[in-house]
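Me: Please take a close look at a single part of this model, the aromatic residues and the core around them, and describe it in one connected account.

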Amino acid sequence: LAFCLVTPMATAQTFMSEDELLATIPGSSITSKTDEGVAWAQNYSAAKGKRKGAIKGVFDGARYDAKWFVKDGQWCENWGDGEGCWSVEQVDAKSLRMYKDGKPRPNLWKLK
């Protein structure tokens, strides 16, 4: 008598490490949309002092300056009027999926 025990496989989420984040995002240009569908684009400076840098962005046609930093294994940005941190999954060579509180954001970040 042979039988097969099938157990559901949990798909463990693999997030990028701080080293992977720092090797991927600084020095890049990224485009995406907010959860509400508003387009944005940001240019990230190379790392200054290792774990932080500057952002030049365009949101809904308006230009702005912001800051990026890596903290507790997450990619973080401070726009002056708010701040956000995300765990990051690399979907493919040019796409990142951001997670907030364990939930994926609806729009991928596209590396240029």
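Reply: What follows is an account of the aromatic pairs and the nonpolar core.

This is a predicted model, in which local features need pLDDT of at least 70 and side-chain atom pairs count only at pLDDT 80 or more, whereas totals for chains, interfaces and linings use all residues. Residues are numbered from 1 along each chain as its sequence is written, and side-chain values use heavy atoms, with hydrogens and water left out.

The mean pLDDT (the predictor's confidence in each residue, from 0 to 100) is 90, and 89% of the residues reach 70 or more. Over residues 2-10, however, the pLDDT is below 50, and this stretch has zero contacts (heavy atoms within 4.5 Å) beyond near neighbours in sequence. Where pLDDT is low, the predicted coordinates should not be read in detail.

The structure holds six aromatic pairs; here rings of Phe, Tyr and Trp (its six-membered ring) pair if their centres lie within 6.5 Å, and planes under 30 degrees apart count as stacked, over 60 as edge-to-face and the rest as tilted. One of these pairs joins Trp40 and Trp109 in an edge-to-face arrangement, with 5.1 Å from centre to centre and 80 degrees between the planes. Because Trp40 lies in strand E2 and Trp109 in strand E9, this pair ties together parts that are 69 residues apart in sequence; strands (E, at least two residues) and helices (H or I, at least four) are DSSP runs numbered from the N terminus. Trp40 is buried at 11% relative accessibility, and Trp109 is buried at 6%, where buried means under 20% relative accessible area, exposed over 50% and partly exposed in between (1.4 Å probe, protein chains only).

The rings of Tyr44 and Trp75 have their centres 5.7 Å apart and their planes at 70 degrees, so this pair is edge-to-face as well. Tyr44 in strand E2 and Trp75 in strand E5 (residues 74-78) are 31 residues apart, and their pair links distant parts of the chain. Tyr44 is buried, with a relative accessible area of 4%, and Trp75 is buried at 0%.

Both Tyr44 and Trp75 recur in the largest nonpolar core (buried Ala, Val, Leu, Ile, Met, Phe, Trp, Tyr and Cys residues joined through side-chain atoms within 4.5 Å), where, of 18 residues, Tyr44, Trp75, Leu96 and Trp109 touch the most other members. Among the elements that give two or more residues to this core are helix H1 (18-24) and strand E2 (39-44), while E4 gives the most, with three residues.
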